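Me: I've got this model open and want to get my head around the fold. Let's go through it together.

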Amino acid sequence: MKRIVILISGRGSNMQAIVEAGLPVAAVVSNRADAAGLEYAVGRGIATAVVEHRNYATREAFDAALAQVVDGFRPDLLVLAGFMRILSDDFVERYQGRLLNIHPSLLPAFPGLNTHARALAAGVKLHGCTVHFVTAELDHGPIVMQAAVPVHPRDHEADLAARVLAQEHRIYPQAVRWFVEDQLVIDNGVVHVKGDYPQQLYVP
Ligand code: GRF
């Protein structure tokens, strides 16, 4: 059985969706002791650990400590689920090809923060979320799956965030399952799924 380690910083609703999909989550690690998602993981009998970024002088020192804790759980796959720290190149390199992230936009549009507000300001008519392999460039990397949702004329940021989040909870477990079942193939930076399962959702 493959072992998944999930990194969170807060609420952990994506982590919860992955656990509830019955995927083999070995541990949940947070950079904040007050991350709400930790409580859920403990309640489910999942191992947890906290590596407080505030206790480390540099990003490199924090990432080294984090990698040590993560490696202790012997992950085949590392899943970033609302993990709000930028990872150093060394860290990304160490887990290359087995490090996934979910980002709340249709990448390559709107990398970075405040994606829903930026999507509204840009007047896009479709928005969504992306599961991708992590590479050194922030919010880039081979795309595993995307879900698109409409942007309605009177949407506020919170409406859009909720509409997208519901789809995050669908595509992240799916992408993780494909990885765990060795279904993903990366060819020249493009991810394919063995069996040609659809790698996109559109939810009108
Ligand atoms: C999600 O919107 C995710 O796409 C982004 O941060 C948020 C985390 O939410 N990276 P949760 O902690 O999974 O509930």
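**The sheet and its helices**

Me: Which residue in β4 does Ile6 stand opposite?

Reply: Val79. Keep in mind this is a predicted model, where local features need pLDDT of at least 70 and side-chain atom pairs need 80 or more, while totals for chains, interfaces and linings use all residues. Numbering starts from 1 along each chain as its sequence is written, and side-chain values use heavy atoms, without hydrogens or water.

Me: How many bridges join β1 to β4?

Reply: 4, between β1 (residues 4-8) and β4 (residues 77-80), and the two run parallel. Strands (E, at least two residues) and helices (H or I, at least four) are DSSP runs numbered from the N terminus.

Me: What's the strand order in the sheet?

Reply: β3-β2-β1-β4-β5-β6-β7-β10, an open sheet of 8 strands with mixed pairing (at least two DSSP bridges per pair). β3 (47-50) and β10 (200-202) sit at the edges, each pairing on one side only.

Me: Which strands does α3 touch?

Reply: α3 (residues 59-72) packs on the sheet against β1, β2 (25-30), β3 and β4 (contact is heavy atoms within 4.5 Å). The direction of α3 makes about 145° with that of β1, on a 0 to 180 degree scale between N-to-C directions of lines fitted to C-alpha atoms, for helices over the stretch in contact.

Me: And which strands does α6 touch?

Reply: β1, β4, β5 (99-103), β6 (126-133), β7 (143-150) and β10. The direction of α6 makes about 155° with that of β7.

Me: New topic: which α1 residues meet α6?

Reply: Ser13, Asn14, Ala17 and Ile18, against Leu165, Glu168, His169, Tyr172, Pro173 and Val176 in α6.
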